[in-house]
Amino acid sequence: MAEISFPLPDLGEGLIEATVLEWLVAEGDRVERNHPLVEVETTKSAVELPSPQAGKVVKIHGEPGDTIKVGDPLIVFEVPDDTAGIVGTVPKEEAPKRRVRLSPVPDED
Amino acid sequence: MSEHMTLGDLDAAQANREAADAAQAKGHAETVTAPAAAEGAEGRVETLSMQQALNRALADVMEENPRTVILGEDVGRLGGVFRITDGLQARFGEQRVFDTPLAESGILGMSVGLAMAGYHPIPEVQFDGFAYPAINQIVCQVGRMNYRSRGTLPMPITLRVPSFGGIRAPEHHGESLESLFAHVPGLKVVSPADPEQAYHLLKHAATRPDPVIFMEPKSRYWQKGPVNVGGAGFQPGGSRVARTGKHVTLVAWGAMVARCLQVAELAAEDGIEVEVLDLRWLKPIDTAGLAASVSKTRRAVVVHEAPLTAGLGAEVAALITERCFGTLRAPVERVTGFDVPYPSGDLEDEYIPNIDRILFGIQRVLEYRRG
């Protein structure tokens, strides 16, 4: 198992920090990619941050009311070794989805 | 032979080669007759991920040829960012599996020098998009040294490049450089589609006397499949019919082969029998294999992740047209990425040919009417 730390991302528009409003996960939780992690408030708005990856949450930084600077650690995940250290995420094998149906082959002339 | 050899030891090691080969052959013979061996006349079928299959292939060629060396960023102590070289430094020593500075031009330049000195380097460029700084070495040295030296300095270099998209990675981590490499005289280019292909094609590439660009479809690293380990009988040359059909041929390579097989399955529900041709070698292209398939189906769709313009699909389409013009029922369709820089992970699914876009391509060749 390996640990991957995720820093507070740049939330845009030149914002340099954000205040934790509410954690939506707890240490020990297993999360999927895009699962909501935390609600934070900037000087512009309150936003919910989705998880950048799947893994087990081993450490969260900041209690509600605390201010975190962009680039400072926000959350630490534990991931299996075979997914650690890579850039990107392991693709999921999903059942193929389609919207297009094919018309029958015309008679061969 | 000590476990951790220095490069200087390699000449002595070469002398022991025959004995080692004999032992290897004996071991192989035992494997063949072992009652535990799965079905099949040779070797042993194991279920491996493509990661594991590539790792195994590298270990095999390192074992078989003491002049083989592996170099690249993080390939040693870490075992590679995709773990393809996992455990190899511990097994073969720091002289034969070594980390390089973050300088792709240097990795390839060093490989050229090693090849000139009689070694078989297997360099890794960590991601497709990092091959750009090494293009000068690849084009001007790797591809030409054999020609320039009138055959006295062959370049037995196998350049491993984790390639193509599909893992939600940032810029420079999802690019498809096959047409760039295929355009360079002196290089061979190959891409495996599954663990079995990966294992055997890498072993084949690494024992060739000429340079091979080995494009690993990184989105397929984790999928498992049967691999006939050590088994003879694998045909490394040419293309491969991954599924037979009679109405249309899908031509693909790398990660797109698996997607085309999914499409073929869905098309079968509509009564359309799709043949999937895994091109495998992107240079040289198996023109005869292409012609054989398309002469039968009389329709072809080429699928690749790279941008459309001057992509390898254009070359494939031209070859099909030259060979099959008289029998083609429709112009060759191309379903490809777009003429834009490879997008960020969130837009990847819109960029890489998806099932519906490929089905549309099939529909276009099915309903085409002359005049």
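**A chat about K203(B) and its surroundings**

Author: Let me start with one residue in this predicted model: K203(B) sits in helix α9 of chain B.

Reader: Okay, and is K203(B) buried or exposed?

Author: K203(B) has a relative accessible area of 17%, and because buried means under 20%, K203(B) counts as buried.

Reader: Which residues is K203(B) in contact with, leaving aside its neighbours within four places in sequence?

Author: With those neighbours set aside, K203(B) touches A57(B), D60(B), V61(B) and E64(B), and these four are listed among the residues of α3(B) that meet α9(B).

Reader: At what angle do α3 and α9 of chain B pack?

Author: Helix α3 (residues 50–64) and helix α9 (residues 195–206), both of chain B, pack at an angle of about 25°, and their axes are 8 Å apart. The two helices are therefore roughly parallel to each other, and α3(B) passes α9(B) in a right-handed crossing.

Reader: How do the residues of that contact divide into nonpolar, polar and charged?

Author: The contact of α3(B) with α9(B) has 11 nonpolar residues, no polar ones and 4 charged ones.

Reader: Switching to chain A, in what order do the strands of the open sheet run?

Author: In chain A, 4 strands make up an open sheet with the order β1-β8-β6-β3, and their pairing is antiparallel. The edge strands, each pairing on one side only, are β1 (2–7) and β3 (30–31) of chain A.

Reader: And how many bridges are there between β1(A) and β8 of chain A?

Author: β1(A) pairs with strand β8 (residues 73–79) of chain A over 6 bridges, in the antiparallel sense; as for I4(A), its bridge partner in β8(A) is F77(A).

Key
Residues numbered from 1 in each chain as written. Chains lettered and ligands numbered in written order. Predicted model: local features only at pLDDT ≥ 70, side-chain atom pairs only at ≥ 80, totals over all residues. Heavy atoms only, no water. Axes fitted to C-alpha atoms, helices over the stretch in contact; angles between N-to-C directions. Parallel < 35°, antiparallel > 145°, perpendicular 65-115°, else oblique. Left-handed = near helix turned anticlockwise from the far one by under 90°. Contact = heavy atoms within 4.5 Å. Nonpolar A, V, L, I, M, F, W, Y, C, P; charged D, E, K, R; others polar. Buried < 20%, exposed > 50% of the residue type's maximum accessible area, 1.4 Å probe, protein only. Pairing = 2+ DSSP bridges.
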